[in-house]
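The following account is intended for a reader who meets this structure for the first time. Please keep the sequence and the model in view while reading.

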Amino acid sequence: MGLHADRAFGYLYSVSEDTKFKMTDLNTHAVACDLQPGNAPLKQMLHDETRAIFFIGDADGYVYIYSHVVSNY
């Protein structure tokens, strides 16, 4: 399980053993994005603020990398 709150954009990022990576809008309490990167339970999530990316590991040993950069263009 892993959680990360992004106060600047108002999102909560989470992973859990139901194999989902979710991005929840804190203002509306609605799930804005729901990804299932594989079939194995997600075990760990690390966030690198300097590069605005997530590293997500699952029970099978796979590592998934996601970016959450928001562009104004």
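**Strands, hairpins and core**

His4 stands opposite Tyr13, a residue of β2. The model in which this pair is seen is a predicted one. The two strands concerned, β1 and β2, run antiparallel and are joined by 5 bridges. Together β1 and β2 form a hairpin with 4 residues between them, and in its turn Gly10 has a positive phi of about 75°. The residues of β1 divide between two faces: Gly2, His4 and Asp6 lie on the covered face, whereas Leu3 and Ala5 lie on the uncovered one.

The view may now be widened to the sheet. An open sheet is formed by 4 strands in the order β1-β2-β3-β4, with antiparallel pairing. Which strands stand at its edges? They are β1 (2–6) and β4 (30–35); each has a single partner strand, so one side of each is left without a neighbour in the sheet. From one strand to the next, the twist averages 15°.

Further along the chain, β5 and β6 pair in the antiparallel sense over 6 bridges. One of the pairs here is Asp48 with Ile53, its bridge partner in β6. β5 and β6 also form a hairpin, with 4 residues between the strands. In that turn, Ala52 has a positive phi of about 55°.

β6 is joined in addition to β7, which comprises residues 63–67, by 5 bridges, and these two strands run antiparallel. Phe54 has Tyr66 as its bridge partner in β7. The hairpin of β6 and β7 likewise has 4 residues between the strands, and Gly61 takes a positive phi near 95° there. β6 itself is mostly covered, for 5 of its 6 residues are buried.

The interior remains to be described. Which residues make up the largest nonpolar core? There are 9 residues in all: Tyr13, Val15, Phe21, Met23, Leu42, Met45, Phe54, Ile56 and Tyr64. Two or more of these residues come from each of β2 (11–15), β3 (21–25), β5 (42–48) and β6 (53–58). Tyr13, the residue opposite His4, is thus met again as a member of this core.

Ile56 offers a closer view of the core to which it belongs. Leaving aside residues up to four places away in sequence, Ile56 touches Val15, Phe21, Leu42, Met45 and Tyr64, among others. Its contacts also include Gln44, Tyr62, Val63 and Tyr66.

Conventions. Residues are numbered from 1 along each chain as its sequence is written. This is a predicted model: local features need pLDDT of at least 70, side-chain atom pairs count only at pLDDT 80 or more; totals for chains, interfaces and linings use all residues. Side-chain values use heavy atoms; hydrogens and water are left out. A nonpolar core is a set of buried Ala, Val, Leu, Ile, Met, Phe, Trp, Tyr and Cys residues joined through side-chain atoms within 4.5 Å. Buried means under 20% relative accessible area, exposed over 50%, partly exposed in between (1.4 Å probe, protein chains only). Contact means heavy atoms within 4.5 Å. Two strands pair if DSSP finds at least two bridges between them. Axes are lines fitted to C-alpha atoms, for helices over the stretch in contact, and angles run from 0 to 180 degrees between N-to-C directions.
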